[in-house]
Amino acid sequence: MKPKNKADFQRIINATNYSIKGLKAAYINEAAFRQELWCTIILFPLALILGDTNIEKVLLVATIFLVLITELLNSAIESVVDRIGSDFHELSGRAKDLGSAAVFLSMILLAITWILVLFF
């Protein structure tokens with residue numbers, strides 16, 4: 001007997017609900033995510049206004065969302081590390097530092113992109 005196809009519409013609905021739950025959890029529990037989300041609320045309309053071409057608008061908007069995505073992944077890493085235990089371990093610290101570095105690099109990319117698009 002062939003197993004039921006799990007790629008139905010209900011799976012999409014469930015995945016969407018899990019994603020919304022994750023976004024709510026990030027907003028409630030992660031100060032950095034809240035700050036970046038509020039920056040997004042300001043920068044998103046500015047990207048659409050200040051970008052001259054559709055390509056420029058996409059670049060400006062994409063870098064905003066890249067920061068949010070990276071912050072969510074960093075928060076997920078931190079949550080898993082914290083779940084494992086509160087004792088100091090070099091690898092736990094390294095995992096958190098690497099996640100933080102990823103967020104930092106995404107912010108640098110955002111700054112470089114915005115400077116190049118808007119001033120050159």
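These are my notebook entries on a predicted model, covering its helices, its annotated residues and its salt bridges.

**Ground rules**

I number residues from 1 along each chain as its sequence is written, and my side-chain values use heavy atoms, with hydrogens and water left out. Since the model is predicted, I ask for pLDDT of at least 70 for local features and count side-chain atom pairs only at pLDDT 80 or more, while totals for chains, interfaces and linings use all residues.

**Entry 1: helix H2**

I started with H2, which covers residues 31–50 (helices are DSSP runs of H or I, at least four residues, numbered from the N terminus). How far should its 20 residues span at 1.5 Å a residue? I expected 28 Å (1.5 Å times one less than the number of residues), and the end C-alpha atoms are indeed 28 Å apart, which agrees.

I then looked for a bend, taken as the angle between axes fitted to the seven residues ending at a position and the seven starting there. I found a kink of about 30° at Ile41, shortly before the proline Pro45.

Next I checked burial (buried is under 20% relative accessible area, exposed over 50%, partly exposed in between, with a 1.4 Å probe and protein chains only). In H2, I noted Phe33, Glu36, Thr40 and Ala47 as buried. The buried residues of H2 pack against H1 (9–29), H3 (54–84) and H4 (90–119).

**Entry 2: the listed active site**

I looked up UniProt, where an unreviewed entry lists Glu71 under "active site"; such annotations may be inferred rather than shown by experiment, and the positions follow the numbering used here, with feature names shortened. I found Glu71 in helix H3. Is Glu71 buried or exposed? It counts as buried, because its relative accessibility is 5%. Leaving aside neighbours within four places in sequence, I saw Glu71 in contact (heavy atoms within 4.5 Å) with Ala32, Phe33, Glu36 and Val103.

**Entry 3: the listed binding site**

The unreviewed UniProt entry places "binding site" at Arg11, Tyr18, Glu30, Glu78, Lys96 and Asp97. They span 87 residues in sequence and the farthest two C-alpha atoms are 34.4 Å apart, so they do not all gather at one spot.

I took a closer look at Glu30, in the loop between H1 and H2. Glu30 is buried, at 19% relative accessible area. I found no salt bridge for it (a side-chain nitrogen of Lys or Arg within 4 Å of a carboxyl oxygen of Asp or Glu). The nearest side chain of opposite charge, Arg34, is 7.6 Å away (Lys and Arg count as positive, Asp and Glu as negative; His and chain ends are not counted). Not counting residues up to four places away in sequence, Glu30 touches Ala25, Ser75 and Glu78.

From there I moved to Glu78, which is found in helix H3. Glu78 is partly exposed at 23%, and, with the same sequence neighbours left out, touches Glu30 and Lys96.

**Entry 4: salt bridges**

How many salt bridges did I count? The count comes to two.

In one, Asp82 meets Lys96 at 2.6 Å, N to O. Asp82 lies in H3 and Lys96 in H4, so the pair ties together parts that are 14 residues apart in sequence. I noted Asp82 as partly exposed at 46% and Lys96 as partly exposed at 26%.

In the other, Glu90 meets Arg94 at 3.0 Å, N to O. These two are four residues apart in H4, which means about one helical turn separates them. Glu90 counts as exposed at 53%, whereas Arg94 is partly exposed at 41%.
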